[in-house]
Amino acid sequence: MLSCDTFALTKEFFTGNQNFLAKNSDRPLGEAQPLSFFPGGVHEKGETVKCTHLTIPQAEKTYTVLGSRPYWIWGFEMGVNECGLIIGNEAEGSRCEGEKEEGLLGMDLLRLALERADTARKGVDVITALLTQYGQNANASPLFDRRYENSFLLVDKEEIWLLETAGRQWAAKKITDWAAISNCYSIGTDYTLCSDQLEEYARNRRWLRPDEPLDFAKAYTLPALRQSQSTPRFRRLKKLISAHQKPLDMANAKKILRDHFEGEIIEPRFGACYGGFVSICMHAMTWDSSQTAASLLCHWDDLLGPVSRYSASMPCCSVFIPVYWAGDVPDAMKNAGEFYREDSLWWETERLAMLISVDEGRYGVSARAALRRLDEDFHARAESMEQCARNLMQQGEKEAALQNLAQLTEACTAEAMQLIKQLAKEISDDIRQAGGLFGPRKEFLEAYMQRTKLELLK
(Lines give C-alpha, C1' and ligand atoms only; values in the text may rest on other atoms or scores of the structure.)
Protein backbone atom coordinates (compact mmCIF):
# COMPACT_ATOMS: atom_id res chain seq x y z
CA MET A 1 0.00 0.00 0.00
CA LEU A 2 1.43 3.35 -1.04
CA SER A 3 0.01 5.74 1.46
CA CYS A 4 0.47 9.04 3.25
CA ASP A 5 2.78 12.03 3.41
CA THR A 6 3.31 13.74 6.76
CA PHE A 7 5.46 16.57 8.00
CA ALA A 8 6.01 18.35 11.30
CA LEU A 9 7.51 21.77 12.01
CA THR A 10 8.93 23.16 15.22
CA LYS A 11 7.63 26.58 16.25
CA GLU A 12 10.59 28.34 14.60
CA PHE A 13 9.51 26.94 11.23
CA PHE A 14 5.76 27.71 11.47
CA THR A 15 4.29 31.21 11.38
CA GLY A 16 1.89 30.38 14.20
CA ASN A 17 4.94 30.07 16.48
CA GLN A 18 3.70 26.67 17.65
CA ASN A 19 4.74 23.13 16.81
CA PHE A 20 2.71 22.00 13.80
CA LEU A 21 1.71 18.78 12.00
CA ALA A 22 0.27 18.26 8.51
CA LYS A 23 -0.74 14.99 6.89
CA ASN A 24 -2.34 13.55 3.76
CA SER A 25 -3.92 10.20 4.59
CA ASP A 26 -3.84 7.92 1.53
CA ARG A 27 -6.06 4.86 1.69
CA PRO A 28 -7.73 2.18 -0.50
CA LEU A 29 -10.25 3.37 -3.06
CA GLY A 30 -13.70 4.29 -1.80
CA GLU A 31 -12.68 4.05 1.85
CA ALA A 32 -14.53 6.97 3.43
CA GLN A 33 -12.79 8.73 6.29
CA PRO A 34 -15.04 10.53 8.79
CA LEU A 35 -13.78 13.00 11.37
CA SER A 36 -14.71 11.64 14.80
CA PHE A 37 -14.75 13.00 18.36
CA PHE A 38 -14.54 10.63 21.33
CA PRO A 39 -14.68 11.77 24.98
CA GLY A 40 -12.19 10.45 27.49
CA GLY A 41 -12.95 9.16 30.95
CA VAL A 42 -11.96 7.17 34.00
CA HIS A 43 -12.28 3.40 33.63
CA GLU A 44 -12.82 0.54 36.04
CA LYS A 45 -10.20 -2.12 36.60
CA GLY A 46 -10.78 -5.04 34.23
CA GLU A 47 -12.35 -2.95 31.45
CA THR A 48 -11.23 -3.67 27.90
CA VAL A 49 -11.13 -1.73 24.65
CA LYS A 50 -11.97 -3.39 21.33
CA CYS A 51 -9.54 -2.19 18.67
CA THR A 52 -9.83 -3.16 15.00
CA HIS A 53 -8.61 -6.74 15.34
CA LEU A 54 -7.67 -7.13 19.02
CA THR A 55 -9.32 -6.50 22.37
CA ILE A 56 -6.85 -5.27 25.00
CA PRO A 57 -7.03 -4.01 28.61
CA GLN A 58 -8.30 -0.45 28.93
CA ALA A 59 -6.20 2.25 30.57
CA GLU A 60 -7.27 3.65 33.92
CA LYS A 61 -7.73 7.07 32.34
CA THR A 62 -8.21 8.15 28.72
CA TYR A 63 -8.08 11.61 27.16
CA THR A 64 -10.68 13.10 24.84
CA VAL A 65 -9.59 12.73 21.21
CA LEU A 66 -10.48 14.06 17.76
CA GLY A 67 -9.31 12.10 14.74
CA SER A 68 -9.77 11.17 11.11
CA ARG A 69 -10.25 7.43 10.64
CA PRO A 70 -11.23 4.94 7.94
CA TYR A 71 -14.90 4.15 8.52
CA TRP A 72 -14.32 0.49 9.44
CA ILE A 73 -11.26 0.97 11.65
CA TRP A 74 -11.21 1.74 15.38
CA GLY A 75 -8.00 3.76 15.23
CA PHE A 76 -7.03 7.06 13.63
CA GLU A 77 -4.95 7.96 10.61
CA MET A 78 -4.25 11.29 12.32
CA GLY A 79 -5.61 13.09 15.32
CA VAL A 80 -5.18 15.26 18.40
CA ASN A 81 -6.08 14.98 22.09
CA GLU A 82 -7.21 17.45 24.74
CA CYS A 83 -3.61 17.93 25.93
CA GLY A 84 -2.43 19.09 22.52
CA LEU A 85 -0.68 15.88 21.47
CA ILE A 86 -0.99 15.50 17.67
CA ILE A 87 0.01 12.30 15.81
CA GLY A 88 0.10 11.12 12.20
CA ASN A 89 1.31 7.73 10.98
CA GLU A 90 2.78 6.25 7.79
CA ALA A 91 2.91 2.76 6.30
CA GLU A 92 6.38 1.17 6.15
CA GLY A 93 7.84 -2.09 4.90
CA SER A 94 10.73 -3.79 6.72
CA ARG A 95 12.74 -6.98 6.34
CA CYS A 96 11.45 -8.33 9.67
CA GLU A 97 9.48 -11.55 9.78
CA GLY A 98 5.71 -11.00 9.71
CA GLU A 99 3.50 -11.66 12.71
CA LYS A 100 1.85 -15.07 12.93
CA GLU A 101 -1.30 -13.57 14.45
CA GLU A 102 -3.13 -10.30 13.87
CA GLY A 103 -1.53 -7.50 15.88
CA LEU A 104 -2.53 -3.89 16.43
CA LEU A 105 -2.88 -1.67 13.39
CA GLY A 106 -0.67 1.39 13.27
CA MET A 107 -3.89 3.41 13.37
CA ASP A 108 -4.93 1.63 16.58
CA LEU A 109 -1.52 2.37 18.11
CA LEU A 110 -1.94 6.03 17.14
CA ARG A 111 -5.35 6.41 18.79
CA LEU A 112 -4.24 4.48 21.87
CA ALA A 113 -1.31 6.88 22.24
CA LEU A 114 -3.64 9.88 21.95
CA GLU A 115 -5.97 8.42 24.55
CA ARG A 116 -3.20 7.49 27.00
CA ALA A 117 -0.40 10.07 26.63
CA ASP A 118 -0.27 13.81 27.25
CA THR A 119 3.11 14.46 25.57
CA ALA A 120 4.93 13.29 22.46
CA ARG A 121 7.62 11.58 24.55
CA LYS A 122 5.01 9.64 26.54
CA GLY A 123 3.29 8.79 23.26
CA VAL A 124 6.49 7.10 22.10
CA ASP A 125 6.46 5.04 25.30
CA VAL A 126 2.81 4.05 24.86
CA ILE A 127 3.25 2.95 21.25
CA THR A 128 6.49 1.03 21.80
CA ALA A 129 5.14 -0.78 24.87
CA LEU A 130 2.01 -1.89 23.01
CA LEU A 131 4.08 -2.78 19.94
CA THR A 132 6.38 -4.97 22.02
CA GLN A 133 3.45 -6.71 23.69
CA TYR A 134 1.03 -7.18 20.78
CA GLY A 135 2.98 -6.69 17.54
CA GLN A 136 1.61 -5.04 14.40
CA ASN A 137 1.25 -5.92 10.70
CA ALA A 138 -2.47 -6.71 10.85
CA ASN A 139 -4.58 -6.43 7.69
CA ALA A 140 -5.35 -2.76 7.03
CA SER A 141 -7.49 -2.89 3.89
CA PRO A 142 -11.15 -3.80 3.24
CA LEU A 143 -10.32 -4.71 -0.38
CA PHE A 144 -7.12 -6.76 -0.22
CA ASP A 145 -4.76 -8.30 2.31
CA ARG A 146 -2.50 -5.32 3.04
CA ARG A 147 -0.07 -5.48 5.96
CA TYR A 148 2.60 -3.01 6.91
CA GLU A 149 4.60 -1.51 9.72
CA ASN A 150 4.47 2.11 10.76
CA SER A 151 6.26 5.38 11.33
CA PHE A 152 4.76 8.08 13.55
CA LEU A 153 5.27 11.81 13.92
CA LEU A 154 4.26 12.91 17.42
CA VAL A 155 3.89 16.63 18.12
CA ASP A 156 3.08 18.37 21.40
CA LYS A 157 3.35 21.93 22.64
CA GLU A 158 7.07 21.62 23.37
CA GLU A 159 8.55 18.66 21.45
CA ILE A 160 8.37 16.66 18.24
CA TRP A 161 9.37 13.01 18.04
CA LEU A 162 9.74 10.74 15.02
CA LEU A 163 9.15 7.05 15.78
CA GLU A 164 9.84 4.37 13.14
CA THR A 165 9.02 0.71 13.69
CA ALA A 166 10.05 -2.55 12.02
CA GLY A 167 8.31 -5.66 13.30
CA ARG A 168 8.64 -5.23 17.07
CA GLN A 169 11.86 -3.25 16.75
CA TRP A 170 11.91 0.53 16.71
CA ALA A 171 14.01 3.69 16.62
CA ALA A 172 12.99 7.19 17.73
CA LYS A 173 14.48 10.61 17.11
CA LYS A 174 13.81 13.95 18.77
CA ILE A 175 13.25 16.59 16.07
CA THR A 176 14.80 20.02 16.54
CA ASP A 177 13.73 21.70 13.28
CA TRP A 178 11.34 19.82 10.98
CA ALA A 179 10.72 16.30 9.72
CA ALA A 180 9.01 14.75 6.69
CA ILE A 181 8.03 11.11 6.10
CA SER A 182 6.55 9.39 3.07
CA ASN A 183 6.48 5.59 3.47
CA CYS A 184 10.23 5.13 3.61
CA TYR A 185 12.36 4.92 6.72
CA SER A 186 14.29 8.12 7.38
CA ILE A 187 16.15 7.55 10.65
CA GLY A 188 19.76 6.59 9.94
CA THR A 189 22.47 6.52 12.59
CA ASP A 190 21.03 9.56 14.35
CA TYR A 191 18.36 7.94 16.54
CA THR A 192 17.84 9.20 20.09
CA LEU A 193 16.21 6.06 21.48
CA CYS A 194 15.76 2.51 20.21
CA SER A 195 14.50 -0.94 21.19
CA ASP A 196 16.88 -3.07 23.21
CA GLN A 197 17.46 -5.59 20.43
CA LEU A 198 17.49 -3.20 17.45
CA GLU A 199 21.18 -3.55 16.57
CA GLU A 200 21.52 -7.20 17.59
CA TYR A 201 18.49 -8.16 15.47
CA ALA A 202 20.03 -6.58 12.36
CA ARG A 203 23.54 -7.91 12.95
CA ASN A 204 22.35 -11.47 13.53
CA ARG A 205 20.77 -11.38 10.06
CA ARG A 206 23.81 -9.78 8.43
CA TRP A 207 21.91 -6.72 7.30
CA LEU A 208 25.11 -4.70 7.74
CA ARG A 209 28.85 -5.29 7.85
CA PRO A 210 30.32 -6.36 11.22
CA ASP A 211 32.31 -3.10 11.43
CA GLU A 212 29.52 -0.88 10.07
CA PRO A 213 27.56 1.38 12.47
CA LEU A 214 23.83 0.72 12.55
CA ASP A 215 21.93 2.80 10.01
CA PHE A 216 18.32 1.95 10.83
CA ALA A 217 16.83 2.90 7.46
CA LYS A 218 19.55 1.16 5.45
CA ALA A 219 19.51 -2.03 7.51
CA TYR A 220 15.76 -2.50 7.94
CA THR A 221 14.26 -1.25 4.65
CA LEU A 222 12.66 -4.04 2.61
CA PRO A 223 13.99 -4.02 -0.99
CA ALA A 224 10.74 -3.65 -2.92
CA LEU A 225 9.14 -1.72 -5.78
CA ARG A 226 7.26 0.41 -3.26
CA GLN A 227 10.54 2.12 -2.35
CA SER A 228 10.94 3.44 -5.90
CA GLN A 229 7.49 5.00 -5.55
CA SER A 230 7.84 6.29 -1.97
CA THR A 231 11.29 7.85 -2.23
CA PRO A 232 10.32 10.46 -4.89
CA ARG A 233 7.48 11.71 -2.67
CA PHE A 234 9.79 11.74 0.37
CA ARG A 235 12.33 13.84 -1.51
CA ARG A 236 9.66 16.10 -3.03
CA LEU A 237 8.17 16.77 0.39
CA LYS A 238 11.58 17.67 1.82
CA LYS A 239 12.36 19.87 -1.20
CA LEU A 240 9.12 21.83 -0.88
CA ILE A 241 9.62 22.45 2.83
CA SER A 242 13.32 23.34 2.62
CA ALA A 243 12.66 25.74 -0.30
CA HIS A 244 11.12 28.22 2.15
CA GLN A 245 13.59 30.74 3.55
CA LYS A 246 11.11 31.79 6.23
CA PRO A 247 8.58 29.92 8.40
CA LEU A 248 5.74 28.16 6.58
CA ASP A 249 2.20 29.41 7.00
CA MET A 250 -1.11 27.59 6.62
CA ALA A 251 -1.43 28.57 2.95
CA ASN A 252 1.93 27.05 2.02
CA ALA A 253 1.26 23.95 4.09
CA LYS A 254 -1.98 23.42 2.15
CA LYS A 255 -0.15 23.98 -1.13
CA ILE A 256 2.36 21.26 -0.20
CA LEU A 257 -0.44 18.79 0.57
CA ARG A 258 -2.00 19.57 -2.84
CA ASP A 259 1.22 18.98 -4.76
CA HIS A 260 1.44 16.73 -7.86
CA PHE A 261 5.09 17.31 -8.86
CA GLU A 262 4.03 20.45 -10.73
CA GLY A 263 6.92 21.76 -12.80
CA GLU A 264 8.89 18.51 -12.60
CA ILE A 265 9.58 15.99 -15.36
CA ILE A 266 7.33 13.48 -13.60
CA GLU A 267 4.33 15.82 -13.41
CA PRO A 268 1.22 13.78 -14.39
CA ARG A 269 0.84 13.66 -18.18
CA PHE A 270 -2.96 13.90 -18.44
CA GLY A 271 -3.58 15.95 -15.31
CA ALA A 272 -3.29 15.11 -11.63
CA CYS A 273 -6.62 13.25 -11.46
CA TYR A 274 -5.51 10.70 -14.05
CA GLY A 275 -3.43 8.98 -11.38
CA GLY A 276 -0.52 8.03 -13.59
CA PHE A 277 2.14 8.65 -10.95
CA VAL A 278 2.14 8.74 -7.15
CA SER A 279 2.37 12.23 -5.67
CA ILE A 280 1.85 13.98 -2.33
CA CYS A 281 -1.79 14.58 -3.29
CA MET A 282 -2.38 11.09 -4.60
CA HIS A 283 -4.92 9.99 -7.22
CA ALA A 284 -5.49 6.31 -7.93
CA MET A 285 -5.54 4.84 -11.44
CA THR A 286 -6.09 1.18 -10.46
CA TRP A 287 -7.94 -0.64 -7.68
CA ASP A 288 -4.76 -1.91 -6.05
CA SER A 289 -3.32 1.58 -5.55
CA SER A 290 -4.20 4.25 -3.00
CA GLN A 291 -5.46 7.79 -3.10
CA THR A 292 -5.70 10.62 -0.61
CA ALA A 293 -8.77 10.20 1.58
CA ALA A 294 -8.40 13.13 3.99
CA SER A 295 -5.97 15.82 5.11
CA LEU A 296 -5.36 17.44 8.48
CA LEU A 297 -3.36 20.47 9.60
CA CYS A 298 -3.09 21.01 13.35
CA HIS A 299 -1.27 23.04 15.99
CA TRP A 300 -1.82 24.06 19.60
CA ASP A 301 -3.04 27.49 20.63
CA ASP A 302 -2.38 28.51 24.23
CA LEU A 303 -5.93 29.87 24.63
CA LEU A 304 -8.01 27.94 22.10
CA GLY A 305 -6.38 24.54 22.48
CA PRO A 306 -5.97 22.39 19.34
CA VAL A 307 -6.62 24.36 16.13
CA SER A 308 -7.19 22.21 13.03
CA ARG A 309 -8.01 22.41 9.35
CA TYR A 310 -9.70 19.31 7.88
CA SER A 311 -10.12 18.43 4.21
CA ALA A 312 -12.29 15.52 3.05
CA SER A 313 -11.17 13.37 0.12
CA MET A 314 -8.37 14.75 -2.08
CA PRO A 315 -7.17 18.21 -0.98
CA CYS A 316 -6.72 19.51 -4.54
CA CYS A 317 -10.46 18.98 -5.09
CA SER A 318 -11.57 20.07 -1.63
CA VAL A 319 -11.46 22.87 0.94
CA PHE A 320 -9.87 22.99 4.39
CA ILE A 321 -12.51 23.59 7.06
CA PRO A 322 -11.54 25.09 10.43
CA VAL A 323 -12.19 22.70 13.34
CA TYR A 324 -11.76 23.49 17.03
CA TRP A 325 -11.98 21.86 20.45
CA ALA A 326 -15.64 22.76 20.90
CA GLY A 327 -17.24 19.46 21.91
CA ASP A 328 -18.06 17.75 18.63
CA VAL A 329 -18.00 18.14 14.84
CA PRO A 330 -20.88 18.64 12.36
CA ASP A 331 -22.87 15.57 11.35
CA ALA A 332 -21.78 15.99 7.72
CA MET A 333 -18.17 15.35 8.80
CA LYS A 334 -19.18 12.23 10.75
CA ASN A 335 -21.48 10.80 8.06
CA ALA A 336 -19.11 8.58 6.08
CA GLY A 337 -19.47 4.84 5.64
CA GLU A 338 -18.97 2.10 3.09
CA PHE A 339 -21.37 3.52 0.49
CA TYR A 340 -22.23 6.94 -0.92
CA ARG A 341 -24.67 9.14 0.97
CA GLU A 342 -25.61 12.67 -0.01
CA ASP A 343 -25.51 14.06 3.56
CA SER A 344 -21.81 13.19 3.84
CA LEU A 345 -19.13 15.83 3.34
CA TRP A 346 -16.65 13.09 2.50
CA TRP A 347 -18.81 11.38 -0.13
CA GLU A 348 -19.95 14.61 -1.77
CA THR A 349 -16.34 15.79 -2.03
CA GLU A 350 -15.28 12.41 -3.38
CA ARG A 351 -18.05 12.60 -5.99
CA LEU A 352 -16.81 16.02 -7.13
CA ALA A 353 -13.21 14.77 -7.35
CA MET A 354 -14.29 11.82 -9.48
CA LEU A 355 -16.32 14.08 -11.76
CA ILE A 356 -13.34 16.40 -12.25
CA SER A 357 -11.25 13.35 -13.15
CA VAL A 358 -13.48 12.58 -16.15
CA ASP A 359 -11.75 15.42 -18.01
CA GLU A 360 -9.46 17.47 -15.82
CA GLY A 361 -8.53 19.80 -18.64
CA ARG A 362 -12.17 20.74 -19.12
CA TYR A 363 -13.40 20.80 -15.51
CA GLY A 364 -10.41 21.10 -13.21
CA VAL A 365 -9.32 24.71 -13.61
CA SER A 366 -12.67 26.39 -12.93
CA ALA A 367 -13.70 23.96 -10.17
CA ARG A 368 -10.40 24.33 -8.32
CA ALA A 369 -10.52 28.12 -8.66
CA ALA A 370 -13.95 28.21 -7.01
CA LEU A 371 -12.77 25.87 -4.24
CA ARG A 372 -9.67 27.99 -3.59
CA ARG A 373 -11.73 31.16 -3.30
CA LEU A 374 -13.90 29.51 -0.67
CA ASP A 375 -10.82 28.10 1.06
CA GLU A 376 -9.26 31.57 1.28
CA ASP A 377 -12.53 32.97 2.62
CA PHE A 378 -12.63 30.27 5.30
CA HIS A 379 -9.04 31.06 6.26
CA ALA A 380 -9.72 34.79 6.65
CA ARG A 381 -12.88 34.18 8.67
CA ALA A 382 -11.12 31.62 10.84
CA GLU A 383 -8.25 33.95 11.69
CA SER A 384 -10.70 36.70 12.61
CA MET A 385 -12.89 34.40 14.70
CA GLU A 386 -9.89 32.87 16.45
CA GLN A 387 -8.73 36.32 17.57
CA CYS A 388 -12.23 37.18 18.78
CA ALA A 389 -12.35 33.87 20.66
CA ARG A 390 -8.99 34.59 22.31
CA ASN A 391 -10.29 37.95 23.47
CA LEU A 392 -13.39 36.30 24.93
CA MET A 393 -11.25 33.67 26.64
CA GLN A 394 -9.12 36.37 28.26
CA GLN A 395 -12.32 38.02 29.53
CA GLY A 396 -13.45 34.74 31.09
CA GLU A 397 -16.08 34.05 28.43
CA LYS A 398 -14.90 30.55 27.49
CA GLU A 399 -18.33 29.12 26.66
CA ALA A 400 -19.16 31.99 24.33
CA ALA A 401 -15.78 31.63 22.60
CA LEU A 402 -16.26 27.90 22.05
CA GLN A 403 -19.81 28.41 20.80
CA ASN A 404 -18.62 30.95 18.24
CA LEU A 405 -15.89 28.60 17.03
CA ALA A 406 -18.34 25.69 16.75
CA GLN A 407 -20.75 27.87 14.77
CA LEU A 408 -17.94 28.80 12.39
CA THR A 409 -17.17 25.13 11.77
CA GLU A 410 -20.88 24.42 11.16
CA ALA A 411 -21.21 27.36 8.78
CA CYS A 412 -18.06 26.49 6.81
CA THR A 413 -19.13 22.85 6.52
CA ALA A 414 -22.55 23.86 5.19
CA GLU A 415 -21.03 26.33 2.71
CA ALA A 416 -18.49 23.75 1.55
CA MET A 417 -21.28 21.21 0.97
CA GLN A 418 -23.29 23.78 -1.00
CA LEU A 419 -20.41 24.73 -3.32
CA ILE A 420 -19.25 21.14 -3.79
CA LYS A 421 -22.76 20.00 -4.75
CA GLN A 422 -23.17 22.98 -7.09
CA LEU A 423 -19.88 22.26 -8.88
CA ALA A 424 -20.73 18.56 -9.10
CA LYS A 425 -24.10 19.37 -10.68
CA GLU A 426 -22.53 21.68 -13.28
CA ILE A 427 -19.98 19.03 -14.28
CA SER A 428 -22.46 16.14 -14.29
CA ASP A 429 -24.90 18.17 -16.45
CA ASP A 430 -22.12 18.82 -18.97
CA ILE A 431 -21.15 15.14 -19.04
CA ARG A 432 -24.75 14.10 -19.64
CA GLN A 433 -24.99 16.56 -22.52
CA ALA A 434 -21.94 14.83 -24.01
CA GLY A 435 -23.82 11.52 -23.91
CA GLY A 436 -22.44 10.14 -20.64
CA LEU A 437 -19.06 9.16 -19.25
CA PHE A 438 -16.12 9.39 -21.62
CA GLY A 439 -12.34 9.61 -21.59
CA PRO A 440 -9.44 7.49 -20.29
CA ARG A 441 -11.03 6.89 -16.85
CA LYS A 442 -14.44 5.76 -18.13
CA GLU A 443 -14.10 2.08 -17.22
CA PHE A 444 -12.40 2.89 -13.93
CA LEU A 445 -15.21 5.24 -12.89
CA GLU A 446 -17.91 2.77 -13.91
CA ALA A 447 -16.32 0.15 -11.66
CA TYR A 448 -15.96 2.69 -8.87
CA MET A 449 -19.65 3.60 -9.04
CA GLN A 450 -20.68 -0.04 -8.89
CA ARG A 451 -18.45 -0.71 -5.89
CA THR A 452 -19.47 2.35 -3.85
CA LYS A 453 -23.06 2.92 -5.08
CA LEU A 454 -21.97 6.41 -6.09
CA GLU A 455 -24.14 8.02 -8.79
CA LEU A 456 -21.84 10.40 -10.63
CA LEU A 457 -24.44 11.64 -13.09
CA LYS A 458 -27.52 11.92 -10.87
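Trainee: Which strands does helix α5 (residues 225–242) lie across?

Mentor: Helix α5 lies across β1 and β14, running at about 155° to β14. This is a predicted model, in which local features need pLDDT of at least 70 and side-chain atom pairs count only at pLDDT 80 or more, while totals for chains, interfaces and linings use all residues. Residues are numbered from 1 along each chain as its sequence is written, and side-chain values use heavy atoms, with hydrogens and water left out. Helices (H or I, at least four residues) and strands (E, at least two) are DSSP runs, numbered from the N terminus. Angles run from 0 to 180 degrees between N-to-C directions, with axes being lines fitted to C-alpha atoms, for helices over the stretch in contact.

Trainee: What makes β1 (residues 5–9) and β14 joined strands?

Mentor: Two strands pair if DSSP finds at least two bridges between them. Four bridges join β1 to β14, and these strands run antiparallel, so the definition of a pair is met. One of the positions involved is F7, whose bridge partner in β14 is A180.

Trainee: Why is one side of β14 (178–181) and of β18 (321–324) left without a neighbour in the sheet?

Mentor: The open sheet has six strands in the order β14-β1-β2-β16-β17-β18, with antiparallel pairing. Since β14 and β18 stand at its edges, each has a single partner strand. From one strand to the next, the twist averages 15°.

Trainee: How many bridges lie between β16 and β17?

Mentor: β16 and β17 pair in the antiparallel sense over eight bridges, and W300 stands opposite P306 in β17. With three residues between them, β16 and β17 form a hairpin. On to the next strand, β17 and β18 pair over four bridges, again in the antiparallel sense, and R309 stands opposite P322 in β18.

Trainee: What makes β17 mostly covered?

Mentor: Buried means under 20% relative accessible area, exposed over 50%, and partly exposed in between (1.4 Å probe, protein chains only). Eight of the eight residues of β17 are buried.

Trainee: Why does S313 count as buried?

Mentor: The relative accessibility of S313 is 0%, so the residue falls under the limit for buried. S313 lies in the loop between β17 and β18, and its phi is near 60°, a positive value in a residue other than glycine. F261 also has a positive phi, of about 60°, although F261 is not a glycine. The place of F261 is in the loop between α6 (250–257) and β16, and at 4% relative accessibility F261 counts as buried.

Trainee: What do the buried residues of α5 pack against?

Mentor: They pack against β1, β10 (86–92), β14 and α6. Among these buried residues are R226, S230, F234, L237 and I241. An α-helix has 3.6 residues a turn, so residues three or four places apart point the same way.

Trainee: Why is the span of α10 (residues 398–433) called close to the expected one?

Mentor: The expected span of a helix is 1.5 Å times one less than its number of residues. Helix α10 has 36 residues and reaches 53 Å from its first C-alpha to its last, close to the expected 52 Å. For α5, with 18 residues, the reach is 27 Å, close to the 26 Å expected. G435, whose phi is positive, near 100°, follows α10.

Trainee: Which residues touch the most other members of the largest nonpolar core?

Mentor: Y220, Y310, L345 and W346 do, out of 94 residues in that core. A nonpolar core is a set of buried Ala, Val, Leu, Ile, Met, Phe, Trp, Tyr and Cys residues joined through side-chain atoms within 4.5 Å. Helix α10 gives the most to this core, with 13 residues. Contact means heavy atoms within 4.5 Å; leaving aside neighbours within four places in sequence, L345 is in contact with residues including Y310, I321, M333, M417 and I420.

Trainee: Why is there no bond between the sulfur of C316 and that of C317?

Mentor: A disulfide is a pair of cysteine sulfur atoms within 2.5 Å. The sulfur of C316 is 3.6 Å from that of C317, its closest cysteine sulfur, and this is too far for a bond. C388 is in no disulfide either, as the nearest cysteine sulfur, that of C412, is 14 Å away. A search of the whole structure finds zero disulfides. At 1% relative accessibility C316 counts as buried, whereas C388, at 40%, counts as partly exposed.
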